[in-house]
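Reader: I would like a close look at a single part of this model, namely its covalent cross-link, and then at how the surroundings of that part are built. Please take it step by step and keep the confidence of the prediction in view.

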Amino acid sequence: MNTIKKASLLAAIGVMLAPAVFAADTHDVVKDARGNVVTSSDGNCVRTQWEGKSDECKGYGSHGILSKLTKEQRTVYFDFNKSTLNAHEKKKLDEVSKMILDSKEVESVDIVGYADEIGKSSYNKKLSIRRAETVKAFLAAKGLKTRHVRVEGLGATNSVTHCDSKMARKELISCLAPDRRVEIELNLITVKEKEAVHHHHSKSMKKSAPDAKSGQ
């Protein structure tokens with residue numbers, strides 16, 4: 001096979017593979033116009049609200065709040081048909097709130113509630129919202145500004161369990177426990193945003209400086 005044919009074949013294969021790569025679940029990170037992963041000032045990869053199966057953030061930053069707070073630490077669990085926090089989850093949230101407040105890289109927080117599949121979808125939707133609001137209220141009481149917090153309830157969607165619906169009710173409730181949760185997603189300030197703020201601040205300082213000629 002000559003060089004031209006080889007090049008044509010490789011190009012054709014590339015076209016065939018392109019849609020598959022694009023379709024991969026990689027929407028868990030923020031990218032710039034060139035497709036590069038955006039990192040925070042601490043070198044951490046900036047994530048979007050949803051975390052996909054393919055984590056392109058691996059290898060970005062060995063410090064910063066994302067390395068200190070795992071997804072499990074940012075997930076709060078609720079008892080069956082409850083939207084109140086038990087003692088264990090309160091303690092977890094207390095630690096999480098301190099770390100968020102101490103961090104200078106967190107711009108805003110998304111709080112997303114979920115429910116298990118038992119019951120009507122409309123009820124589960126409302127229950128998931130109540131759970132998210134409970135977490136929001138707890139964080140607000142700890143000093144997290146509510147204007148930087150977004151709340152959403154998604155009901156029984158995005159289940160993380162694999163339970164047989166034919167199980168006895170008690171066993172099914174126990175199996176579905178991981179679905180009764182609230183996830184806290186952190187939106188970080190990127191390097192460019194910090195530089196823009198600094199540049200704007202410096203520019204404003206120059207404008208407000210006294211004019212030597214006018215004698216002010």
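Author: The count of disulfides comes to one. It is formed by C163 and C175, whose sulfur atoms lie 1.9 Å apart in this predicted model, and a pair is counted when the two sulfur atoms are within 2.5 Å. With -95° about the S-S bond, the link of C163 and C175 is left-handed. C163 sits in the loop between β3 and α5, whereas C175 belongs to helix α5 (169–175) itself, so the pair ties together parts that are twelve residues apart in sequence.

The two cysteines can also be set side by side by their accessibility. C163 has a relative accessible area of 18% and is therefore buried, because the limit for that class is under 20%. C175, at 24% relative accessibility, counts as partly exposed.

The buried cysteine leads on to the nonpolar cores. C163 is included in a core of five residues, together with I118, L172 and L176 among its members, and this core is separate from the largest one. The largest nonpolar core has 22 residues, and those with the most contacts inside it are I100, V109, V135, I184 and L186. At least two residues of this core come from each of α2 (65–68), α3 (87–102), β2, α4 and β4. I100 touches, among others, V106, V109, I184 and L186, leaving aside residues up to four places away in sequence.

Strand β2, one of those contributors, spans residues 106–113, and six of its eight residues are buried. On one side of the pairing pattern, β2 runs antiparallel to strand β4 (residues 181–188), to which seven bridges join it, with S108 standing opposite N187. β2 also pairs with strand β3 (residues 149–153), here in the parallel sense and over five bridges, and V112 has E152 as its bridge partner in β3. Between β2 and β3 the chain passes through helix α4 (residues 121–141), and this β-α-β crossover is right-handed.

As for confidence, the mean pLDDT of the chain is 74, and 58% of its residues reach 70 or more. Over residues 191–206 pLDDT stays under 50, and the model has eight contacts beyond four places in sequence for that stretch. Residues 208–216 likewise stay under 50, with two such contacts. Where pLDDT is low, the predicted coordinates should not be read in detail.

Key:
Residues numbered from 1 in each chain as written. Predicted model: local features only at pLDDT ≥ 70, side-chain atom pairs only at ≥ 80, totals over all residues. Heavy atoms only, no water. Buried < 20%, exposed > 50% of the residue type's maximum accessible area, 1.4 Å probe, protein only. Helix = DSSP H or I, 4+ residues; strand = E, 2+ residues; numbered from the N terminus. Pairing = 2+ DSSP bridges. Right-handed = clockwise from strand over helix to strand, strands pointing away. pLDDT = per-residue confidence, 0-100. Contact = heavy atoms within 4.5 Å. Core = buried A, V, L, I, M, F, W, Y, C linked by side-chain atoms within 4.5 Å.
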